[in-house]
Amino acid sequence: MLSYQWNKRTQLLRLPLRNLFYNHESLIITKLFSSSNLKTSIADQEEKKLPFTVSYLINSCGFSLETAKSLSKKVNFENPKIPDSVLQLLRDHGLTNTQISKLIKTTPNLLLADKEKTLLPKLEFLQSVGISGAALADVVSSSRIMLRQSLKNQIIPTYNFLKNLLKDDEKVAHVLKRAGFLNDLHNIAAPNISLLQRLGVPHSSLLLLIWRDASVLCKKAEKFDEFVKMISEMGFDPSEKNFIIALRIVTGWSHDSWQRKLKAFNDWGLSKDEILVAFRRYPACMTLSVESISRKMDFPVSKMGWASPAVLKTPCVLRYSMEKRLIPRCSVIQALLLKGLIEKKPALSSSLIPADDIFLKRFVNRYQEQEPQLSDIFEGKMKLSDLGIGFGVSEL
């Protein structure tokens with residue numbers, strides 16, 4: 001009797017315990033699904049609370065909530081009919097979702113444009129002059145104002161102006177990709193081009209300027225004259241290509257920027273005349289930041305011992321990558337010097353300017369038997385410190 005009661009009691013104890021685990025597991029599963037449903041429900045509720053424009057920009061254009069809210073301050077609508085027709089028109093003309101998002105982000109009110117009267121005629125005109133397919137999609141998506149400009153007063157005159165100069169629709173399409181910077185090009189550029197032609201700038205240089213950066217020609221005539229006068233006084237010859245290259249560079253400068261760059265070179269004992277000679281020889285050297293000028297001068301002068309004027313006589317080296325060109329080559333030269341394989345440091349122009357295959361033949365392959373590690377040093381697999389040598393002033 002006692003035994004029966006004990007077994008019965010044990011079974012009764014086991015039952016709730018088993019049920020407890022079962023119920024706990026069920027509770028967890030139920031809770032997980034409830035949590036998921038709750039999150040979905042909250043998300044649905046939050047989306048329902050969003051203004052229609054914000055929801056549309058998220059769901060139809062792929063914008064984040066933050067971006068959609070920002071854009072909704074510039075465009076607002078309660079019906080998807082017009083925006084849907086605009087998006088479909090853009091897709092029908094080859095624009096990808098990414099390109100459409102880029103375009104709408106810069107020009108959100110485009111979503112409310114009249115498809116038939118405003119957008120389609122412009123797209124059809126571009127197609128009629130040979131800009132279609134991927135080129136059309138690139139032109140339209142790259143421009144901030146193309147589809148907002150007047151077809152009659154802006155787009156057609158700009159196309160005719162460029163076609164008259166470039167003669168080729170493919171080249172015109174390339175320039176039109178920058179149409180966001182070319183507002184009223186046909187009117188503003190004409191007097192600036194006339195000025196350059198009077199100075200003797202050849203047609204080939206004008207084409208180069210338009211091809212690379214036609215926005216330079218969109219400066220107001222008075223300001224454009226100042227830039228032209230500036231580079232003329234620096235000694236640039238209008239008949240040479242560097243005149244146009246320098247013009248592109250100085251139009252992006254402020255007076256303070258130019259003075260800071262002059263000082264950065266002055267700090268290395270270089271005169272203004274020496275700097276201007278370098279600028280005329282290789283205008284891109286003055287596109288470097290002040291910090292980059294200091295760094296690029298420090299390495300060949302302080303680490304390698306070349307004189308500052310010698311560096312500036314070959315200004316193109318200042319545009320070379322430190323990691324990919326200057327350090328590997330100078331490391332090889334330093335190894336050759338300190339191992340006694342060459343007696344004196346070669347000229348900067350003969351060691352830094354030649355192509356890789358010429359440098360390898362001249363300074364690596366020739367001494368490979370005496371110093372097998374030269375290839376590893378050149379390829380960056382080994383540092384000078386691994387050979388027990390360095391650059392003298394401080395190790396890189």
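Here are three exercises with worked solutions on a predicted model.

Before you start: residues are numbered from 1 along each chain as its sequence is written, and side-chain values use heavy atoms, with hydrogens and water left out. Because the model is predicted, local features need pLDDT of at least 70 and side-chain atom pairs count only at pLDDT 80 or more, while totals for chains, interfaces and linings use all residues.

**Exercise 1. Helix H18**

Task: find which residues of H18 are buried, and what covers them.

Solution.
1. Fix the terms: helices are DSSP runs (H or I, at least four residues), numbered from the N terminus. Buried means under 20% relative accessible area, exposed over 50%, and partly exposed in between (1.4 Å probe, protein chains only).
2. Apply them: H18 covers residues 322-338, and 12 of its 17 residues are buried, so the helix is largely enclosed by the rest of the structure. Among the buried residues are Met322, Arg325, Arg329, Ile333 and Leu336.
3. Look for the cover, taking contact as heavy atoms within 4.5 Å. It includes helices H16 (290-303), H19 (348-352), H20 (356-364) and H21 (374-378).
4. Check the ends. At the N-terminal end, Ser321 acts as a cap, with a side-chain oxygen 3.3 Å from the backbone nitrogen of Glu323. After H18 comes Gly340, with a positive phi near 75 degrees.

**Exercise 2. Salt bridges**

Task: take the pairs Asp138 with Lys177 and Lys303 with Asp298, and work out how exposed each partner is.

Solution.
1. The criterion is a side-chain nitrogen of Lys or Arg within 4 Å of a carboxyl oxygen of Asp or Glu. The structure holds 8 such salt bridges.
2. In the pair of Asp138 and Lys177, the closest N and O atoms are 3.8 Å apart. This pair links distant parts of the chain, 39 residues apart: Asp138 sits in helix H7 (residues 133-142), Lys177 in the loop between H9 (169-176) and H10 (185-199).
3. Asp138 has 27% relative accessibility, so it counts as partly exposed; Lys177, at 31%, is also partly exposed.
4. Lys303 and Asp298 meet at 3.3 Å, N to O. Here Lys303 is buried at 11%, whereas Asp298 is partly exposed at 26%.

**Exercise 3. The second largest cavity**

Task: describe the volume and lining of the second largest cavity.

Solution.
1. On a 1 Å grid over the protein atoms alone, a cavity is a set of points where a 1.4 Å probe fits but cannot get out; lining residues have an atom within 4 Å of a point.
2. The count is 2 cavities of 30 Å³ or more, and the second largest has a volume of about 40 Å³.
3. Its lining includes Leu103, Thr107, Val140, Arg144 and Met146. By class, there are 6 nonpolar, 2 polar and 2 charged residues.

Terms used. 1 Å grid on protein atoms, 1.4 Å probe; cavity = no way out; pocket = protein on both sides within 12 Å on 5 of 7 lines; lining within 4 Å. Points joined across faces, edges and corners; volume = space filled by probe spheres on them. Nonpolar A, V, L, I, M, F, W, Y, C, P; charged D, E, K, R; others polar. Helix = DSSP H or I, 4+ residues; strand = E, 2+ residues; numbered from the N terminus. Polar contact = N/O pair within 3.5 Å; in protein donor to acceptor, adjacent residues only side chain to side chain.
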